[in-house]
Amino acid sequence: MNITLSIDEDVVKKVRKIAIDKDTTLTAMVRDYLTSLAKSDATTRKAHANNLMETFEKLSRDMGPHTWTREDLYEERLGRYGR
């Protein structure tokens with residue numbers, strides 16, 4: 001896909017010089033940056049999800065089988081606060 005960007009001419013000149021020093025092109029630098037940004041976002045989300053799962057596993061306790069129903073809890077709450 002082709003995109004058009006508005007970038008200050010001085011910035012473009014400086015970045016082109018950097019690209020030459022790195023034996024690449026401005027286009028390749030922009031493409032690589034955007035690709036790494038997209039990957040890092042997915043990587044960050046996955047890392048957060050993994051940390052959350054590890055926390056669940058570490059802190060979870062077996063509470064045994066529950067013998068109540070949602071309706072039981074609702075009835076208890078209504079009784080506590082008056083109908």
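How much area does the protein expose, and what share of it do carbon and sulfur atoms supply? The protein exposes about 8300 Å², and carbon and sulfur atoms supply 56% of it; accessible areas come from the Shrake-Rupley method with a 1.4 Å probe, and for residues only the protein chains shown count as cover.

This is a predicted model in which local features need pLDDT of at least 70 and side-chain atom pairs count only at pLDDT 80 or more, while totals for chains, interfaces and linings use all residues. Residues are numbered from 1 along each chain as its sequence is written, and side-chain values use heavy atoms, without hydrogens and water.

Start with the whole chain in cartoon view. There are three helices and zero strands, taken as DSSP runs (H or I, at least four residues; E, at least two) numbered from the N terminus. The C-alpha atoms fill a box of roughly 75 × 30 × 20 Å along the principal axes. Of the 83 residues, 4% count as buried, that is, under 20% relative accessible area.

Next, select Met1, Ile3, Leu5, Ile7, Val11, Val30, Tyr33, Leu34 and Leu37: they make a nonpolar surface patch of about 940 Å². Patch residues have over 30% relative accessible area and no salt bridge (a side-chain nitrogen of Lys or Arg within 4 Å of a carboxyl oxygen of Asp or Glu), with nonpolar side chains joined within 5 Å. Helix H2 (residues 26-59) gives the largest share of the patch, four residues.

Finally, pick Ile3, in the segment before helix H1 (9-21). Ile3 is exposed, at 54% relative accessible area, where exposed means over 50%.

How values were computed
Patch = residues over 30% accessible without salt bridge, like charges linked within 9 Å, V, L, I, M, F, W, Y side chains within 5 Å. Buried < 20%, exposed > 50% of the residue type's maximum accessible area, 1.4 Å probe, protein only.
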